[in-house]
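User: I have a structure open and want to go through it piece by piece. Can you take questions as I scroll?
Analyst: Go ahead.

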Amino acid sequence: MLEWIDWINVQGNAQEDSQVNSHSQDLSALPIYLFGLSMGAATVLMTAGESLPENVHGVIADSGYTSPHDEWKHVAENNLHYHYKLMEKYVDKLSMERIGFTSDEYSATKAMQECRIPVLFVHGTDDTFVPIEMTYENYKACAAPKRLLVVPGAGHCQSYLLEQKRYEEELLRFWWEFDKVDADS
């Protein structure tokens, strides 16, 4: 995520440098919002705990989990009906090989304690893949300005489909309330 943010900002600066027109806008000054669903939500939440450029204005996390460890444990025990302890060593070995750390070394919840940009948390009450309690944990841990949208009856990543108008209204409210861009620009 950090590399993508840097890439966007470099592209914005490069485009500005190549513009002949002095009235062109610096694209790297435009606000960036990190958005993710499920694993993507956990990813943007974990990214929010890092030191971010000034133009990253917020995070929208829909159906995000607390940590890879917690999610794998939940899926193994509740969806696969398999005791997680039996596969924990394998999962952690695979994690170490692929991403360089174990499944419980870093979490969205830990990142939220360091977060300094606004976060909109979204979750459906009927999510059986990522329990809504994980979003509540992340929300409680969040040290930054935050909002919470809970959609009754929505399953995993189904909040927008079930309540599109409410979801869009909450996004607009979030941007209006927390965006750092000067309203006069």
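User: Start with strand S1, residues 32-37. Which residues are on its covered face, and which on the uncovered one?
Analyst: This is a predicted model. In S1 the covered face consists of Ile32, Leu34 and Gly36, while Tyr33, Phe35 and Leu37 make up the uncovered face.

User: Do S1 and S2 run parallel or antiparallel, and how many bridges join them?
Analyst: They run parallel, with six bridges between S1 and S2, the strand at residues 56-62. One of the pairs is Ile32 with Val56, the latter in S2.

User: And what do S1, H2 and S2 make together?
Analyst: A β-α-β unit, with H2 covering residues 39-47, and the unit is right-handed.

User: What about the loop after S1, where does Ser38 sit?
Analyst: Ser38 is in the loop between S1 and H2. Its phi is near 60°, a positive value in a residue that is not glycine. For background, most residues other than glycine have a negative phi.

User: Is Ser38 buried or exposed?
Analyst: Buried, because its relative accessibility is 13% and the cut-off for buried is under 20%.

User: Next loop along. What is the phi of Ser63?
Analyst: Near 65°, so Ser63 is another non-glycine residue with a positive value. Ser63 lies in the loop between S2 and H3. Ser63 counts as buried because its relative accessibility is 0%.

User: Changing topic: how much space lies in the largest pocket?
Analyst: About 480 Å³. Its lining has 17 residues, and those nearest the centre are Thr43, Met46, Pro68, Ile99 and Phe101.

User: Which helices supply at least two residues of that lining?
Analyst: H2, H3 (68-79) and H4 (88-99) each do. H4 gives the largest share, five residues.

User: How do the lining residues divide into nonpolar, polar and charged?
Analyst: Twelve are nonpolar, three are polar and two are charged.

User: While we're on H4, is Met96 buried, exposed or partly exposed?
Analyst: Met96, which is in helix H4, counts as partly exposed because its relative accessibility is 40%. The partly exposed class lies between the cut-offs of 20% and 50%.

User: What is Met96 in contact with, leaving aside neighbours within four places in sequence?
Analyst: Phe101, Thr102 and Glu105.

User: Jump to H6. Which of its residues are buried?
Analyst: H6 spans residues 132-141, and Ile132, Met134, Thr135, Asn138 and Ala141 are buried in it.

User: What do those pack against?
Analyst: The buried residues of H6 pack against three helices, H2, H3 and H5 (108-114). They also pack against strands S3 (119-124) and S4 (146-151).

User: Zooming out, how many helices and strands does the chain have?
Analyst: Eight helices and four strands. In sequence order the pattern reads α-β-α-β-α-α-α-β-α-β-α-α.

User: And what percentage of the residues is buried?
Analyst: 42% of the 185 residues in the protein chain.

User: Last one: of the contacts with a separation of 6 or more, what share is between residues 24 or more positions apart?
Analyst: Those account for 70% of such contacts in the protein chain.

Methods. Residues numbered from 1 in each chain as written. Predicted model: local features only at pLDDT ≥ 70, side-chain atom pairs only at ≥ 80, totals over all residues. Heavy atoms only, no water. Buried < 20%, exposed > 50% of the residue type's maximum accessible area, 1.4 Å probe, protein only. Pairing = 2+ DSSP bridges. Right-handed = clockwise from strand over helix to strand, strands pointing away. 1 Å grid on protein atoms, 1.4 Å probe; cavity = no way out; pocket = protein on both sides within 12 Å on 5 of 7 lines; lining within 4 Å. Points joined across faces, edges and corners; volume = space filled by probe spheres on them. Nonpolar A, V, L, I, M, F, W, Y, C, P; charged D, E, K, R; others polar. Contact = heavy atoms within 4.5 Å.
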